[in-house]
2 protein chains.
Amino acid sequence: MLSKRYTDMLSEKDIIFEIAGYGRQRSQEIGAGNVFDFSLGNPSVDAPASVNQAICSILTQRPALEVHGYGPGLGIMAVRQAVAQSLNRRFSMNYGPEHIFMTSGAASALAHAFRAVTQPGDELIIFAPYFSEYKPYSAGAGLTTRIVPADVSAFQIDFEALESLLNPKVTAVLVNSPNNPSGAVLSTPTLKRLAALLEERQKAYGHPIYLISDEPYREILFQGTDCPYTASLYANTLTCYSFSKSLSLPGERIGYLAVNPAAEEATRIVEVCSQISRTIGHNGATTLMQLTVGACIDQTSDLAVYQRNKDRLYQALLEYGYSCVEPGGTFYLFPRSLEPDAYAFCKKAQQLDLLFVPGDVFGCPGHFRIAYCVPEEKVIRALPRLKELAELYR
Amino acid sequence: MLSKRYTDMLSEKDIIFEIAGYGRQRSQEIGAGNVFDFSLGNPSVDAPASVNQAICSILTQRPALEVHGYGPGLGIMAVRQAVAQSLNRRFSMNYGPEHIFMTSGAASALAHAFRAVTQPGDELIIFAPYFSEYKPYSAGAGLTTRIVPADVSAFQIDFEALESLLNPKVTAVLVNSPNNPSGAVLSTPTLKRLAALLEERQKAYGHPIYLISDEPYREILFQGTDCPYTASLYANTLTCYSFSKSLSLPGERIGYLAVNPAAEEATRIVEVCSQISRTIGHNGATTLMQLTVGACIDQTSDLAVYQRNKDRLYQALLEYGYSCVEPGGTFYLFPRSLEPDAYAFCKKAQQLDLLFVPGDVFGCPGHFRIAYCVPEEKVIRALPRLKELAELYR
């Protein structure tokens with residue numbers, strides 16, 4: 001018999017997948033240029049040329065057995081060192097390579113982080129709106145997910161709701177800033193208040209509460225945004241990172257887990273990751289990609305297009321009468337839908353060939369996500385349709 | 001608190017790791033050329049030049065967003081197709097791309113296979129001698145591992161022992177041929193007898209028993225060896241493969257799971273894998289490596305050195321009085337140790353700077369593993385030491 005657990009998951013509807021599928025089908029009917037598909041969070045700008053140059057130079061200059069051979073379970077030491085030094089330089093931290101574990105993207109970093117600092121049956125707190133994959137990640141680690149409803153006024157934290165969910169079974173709290181789907185960035189006051197609350201509860205409960213900070217959008221920050229480095233404000237922080245967005249390498253599955261040196265049992269957490277890998281078939285990030293990001297550690301793709309797309313869309317949305325919290329980063333906007341039922345609203349948008357994802361998918365009904373990782377010209381041509389959509393609700 | 005489960009695993013001794021660590025330390029003392037380290041199963045021959053050529057040509061000829069972008073969860077369709085066609089061509093099978101799931105190496109293929117066709121609490125049967133990582137893989141999927149003791153006469157299958165372990169809770173049986181650590185290959189009669197037994201038990205128990213065939217050494221076969229394709233002899237077979245050994249790419253974590261089209265719910269098993277990925281942080285094999293192995297699908301490294309090393313070592317071992325089943329493939333030999341305690345024997349070998357792994361690590365005491373994925377000259381220079389070691393036991 002096939003696994004009941006995973007077969008049951010198959011029958012869950014994957015809304016984003018369905019919308020993207022519709023987009024492909026509609027593109028065949030009317031041409032891709034006429035479908036305004038804002039459903040998927042895939043980088044729209046190329047990896048910088050230095051990435052491919054680094055790959056070819058690694059292949060030609062280093063022995064094949066070294067490049068393609070088994071790497072150490074925790075990652076290649078020089079790459080872990082490069083990651084640590086980059087974080088130290090940029091965020092005034094004091095990571096050593098012993099605090100860095102190289103992973104197959106942020107998904108793998110989260111899979112290890114969740115398993116490392118919890119016991120099965122513990123509670124994990126996440127905040128709406130949230131990336132929908134957090135739930136299966138958490139379930140896979142045997143955790144119960146508790147959701148703090150969204151602070152829809154600013155997409156910061158509803159502390160009253162959070163306090164009511166905190167209890168001694170909570171051993172981990174997950175934040176994602178800059179946030180998918182809202183684009184919001186948790187401010188320094190928000191994170192300081194969160195840190196103070198968690199410090200207090202750690203003492204009260206007599207056990208650590210680890211803060212797992214998922215930061216794949218860290219490098220896509222808009223002008224003037226205050227984006228503190230989470231780990232610098234709370235000792236027990238595990239930072240999960242992916243080079244998917246910063247270097248436009250989502251298919252290459254490369255990222256890391258960085259454990260704050262000030263965290264309880266910091267280096268032990270990294271060591272434990274090697275054991276977790278043994279049970280989930282991870283066996284290390286790919287050596288070639290580790291070497292590549294090590295060589296390109298402080299570089300990014302040309303991310304400016306996301307700011308330009310955001311500026312255009314955000315201004316237009318306000319002008320057309322939409323209500324939206326201004327994003328501080330990412331390539332997402334998360335306006336209120338113009339009717340309470342975001343599914344119905346997105347269906348109406350679809351009739352204008354505008355493809356959005358209803359906020360319900362991210363635990364935040366009454367909103368919709370615009371993923372503007374698309375060419376600028378597409379954004380420009382989409383504006384009249386957004387206006388037309390708003391006019392349907394006048 | 002850190003995870004009890006994974007922290008406990010940290011305290012288990014990793015014998016191979018310790019031996020390899022000793023080897024590195026000893027190399028610093030007396031020079032790497034004087035240490036005969038046969039402890040690790042890392043390919044010793046370069047990837048074929050075509051691999052690096054393929055990578056560079058993919059990078060220069062295809063759009064960056066395509067090469068480095070998110071791939072489909074089950075793998076890139078053209079690559080799944082290439083894998084299916086290669087298997088069909090070589091083994092007269094009839095796989096379609098819908099039967100292939102691209103993975104991060106064999107470890108990931110096994111992690112998915114174990115979870116796809118079992119329920120937590122089921123029993124998995126493995127055969128000694130076995131690759132030691134099967135145990136954590138199996139535990140990670142929530143399975144109870146039952147071990148069939150080794151048939152030390154030929155490293156085929158002790159059917160009497162197997163029959164005594166079969167019961168209705170067994171839903172999966174794992175074979176690994178060519179085998180690590182013995183190098184033995186399961187013959188056609190052995191596999192046919194296994195298939196008949198499992199067919200009979202499936203009927204008796206009223207549920208399928210899936211045969212999971214771990215075949216990373218399939219391409220390292222010695223002259224004259226009968227190495228049937230497991231899936232061609234048993235319908236409910238899931239084949240786990242890695243390009244680590246055939247293309248010398250262990251660090252690039254690329255492989256696949258192939259589900260026999262004749263298996264019950266074959267395509268459903270592949271679909272279920274995408275759900276499993278969501279819970280263990282897999283999210284697909286890297287796109288660049290998928291494209292690369294797709295382009296090099298029927299190629300291999302120059303594997304002839306393993307045959308030459310085997311021939312030399314095997315003949316010398318017999319001549320010096322060791323007893324050993326002749327391997328049909330891989331880069332391992334698994335002779336009997338010259339005293340019952342293989343640990344003591346390996347310690348004695350270590351005094352001659354010969355580094356072997358005691359068979360106990362593979363569930364088969366009284367034997368030791370020689371991993372001869374080393375340069376030929378090293379094998380040649382090791383022979384007098386093997387002789388000296390045998391003389392200590394005269």
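Pro181(B) sits in the loop that runs between strand S5 (170-176) and helix H9 (188-205) of chain B, and the peptide bond leading into Pro181(B) from Asn180(B) is cis, with omega near 20°. Helices (H or I, at least four residues) and strands (E, at least two) are DSSP runs here, numbered from the N terminus. Chain A has its own cis bond, from Asn180(A) to Pro181(A), with omega near 25°.

A few ground rules. This is a predicted model, where local features need pLDDT of at least 70, side-chain atom pairs count only at pLDDT 80 or more, and totals for chains, interfaces and linings use all residues. Residues are numbered from 1 along each chain as its sequence is written, chains are lettered from A and ligands numbered from 1 in the order written, and side-chain values use heavy atoms, leaving out hydrogens and water.

Back to the backbone: most residues other than glycine have a negative phi, and most peptide bonds are trans. Chain A has two loop residues worth a look on the phi side; buried means under 20% relative accessible area, exposed over 50%, and partly exposed in between (1.4 Å probe, protein chains only).

| Residue | Phi | Loop in chain A | Relative accessibility |
|---|---|---|---|
| Glu265(A) | about 55° | between S8 (255-259) and H10 (266-280) | 44%, partly exposed |
| Asp353(A) | near 60° | between H13 (342-351) and S10 (354-355) | 7%, buried |

As for the whole of chain A, there are 14 helices and twelve strands, and 62% of its 394 residues count as buried. Its C-alpha trace spans about 60 × 55 × 55 Å along the principal axes. Contact means heavy atoms within 4.5 Å; among contacts in chain A between residues at least 6 apart in sequence, 76% join residues at least 24 apart.

How do the chains relate? Chain B lands on chain A after a rotation of 180° with 0.0 Å of shift along its axis, at RMSD 0.0 Å (a least-squares fit on the C-alpha atoms of residues with pLDDT of at least 70 in both copies). The two copies are therefore related as by a two-fold rotation axis. Both use the same surface, since 100% of the contact residues of chain B recur in chain A.

Finally, a helix pair in chain B: the axes of H12 (residues 304-319) and H14 (residues 376-391) come within 10 Å and cross at roughly 10°. Axes are lines fitted to C-alpha atoms, for helices over the stretch in contact, with angles running from 0 to 180 degrees between N-to-C directions. H12(B) is therefore roughly parallel to H14(B), a label for angles under 35 degrees. Among the residues making the contact are Arg308(B) and Leu313(B) of H12(B), and Ile380(B) and Leu383(B) of H14(B).

Terms used:
Parallel < 35°, antiparallel > 145°, perpendicular 65-115°, else oblique.
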